[in-house]
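Trainee: Could you walk me through this structure, a piece at a time?

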Amino acid sequence: MLITIVIALVTLRGGVPPKATEIVPPWSCVVCGAGGGADALLNVLLFVPLGGALFGAGLSRGRALLICVTASIGIEVAQATVIPYRYPALGDVVWNGLGGGVGALVAASWRPLIVPDAARAARLAWWAVGLFTAVAG
């Protein structure tokens, strides 16, 4: 829930009117302008937590990715139609989708460490007790 609020606050606010000399990039731009690489990286990082949270909530990696891409398309449509001085870009959808996919993959690979099965949890607990006894004793 928190990540959706953060994404909404970052992406659904009005922008700054362009200067007369500025050129608005076309919607088909994937990596746009001098700051395009940084913008792409930030778009990826913005959606990593959402993809991880969706997977952690029980969705498959594919469904988590689909929801991230759909949310990104919704954001871009809002930027094109409702939000002043924000401009849609295909690259944002691509990079947000990549971030959501990475988040789901990371959550899938870390799940055994975060939520171990009962046998592994017992082994980890005994190791923790042994380490605590060795350090404290």
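Mentor: Let us begin with Asp 92, which has its place in helix 4 (residues 90-114), where helices are DSSP runs of H or I with at least four residues, numbered from the N terminus. This is a predicted model, in which local features need pLDDT of at least 70 and side-chain atom pairs count only at pLDDT 80 or more, while totals for chains, interfaces and linings use all residues. Residues are numbered from 1 along each chain as its sequence is written, and side-chain values use heavy atoms, leaving out hydrogens and water.

Trainee: Ok, and which side chain of opposite charge is nearest to Asp 92?

Mentor: That is Arg 86, 5.9 Å away, and Asp 92 is buried yet has no salt bridge. Buried means under 20% relative accessible area, exposed over 50%, and partly exposed in between, with a 1.4 Å probe and protein chains only; a salt bridge needs a side-chain nitrogen of Lys or Arg within 4 Å of a carboxyl oxygen of Asp or Glu.

Trainee: What does Asp 92 touch, then?

Mentor: Leaving aside residues up to four places away in sequence, Asp 92 touches Asp 39, Asn 43, Ser 72, Glu 76 and Gln 79, a contact being heavy atoms within 4.5 Å.

Trainee: Switching topic, how many disulfides does the structure hold?

Mentor: It holds one, joining Cys 29 to Cys 32 with an S to S distance of 1.8 Å, where the cut-off for the two cysteine sulfur atoms is within 2.5 Å.

Trainee: Are those two cysteines buried or exposed?

Mentor: Cys 29 counts as buried at 14% relative accessibility, whereas Cys 32 is partly exposed at 24%.

How values were computed
Helix = DSSP H or I, 4+ residues; strand = E, 2+ residues; numbered from the N terminus. Lys, Arg positive; Asp, Glu negative; His and termini not counted.
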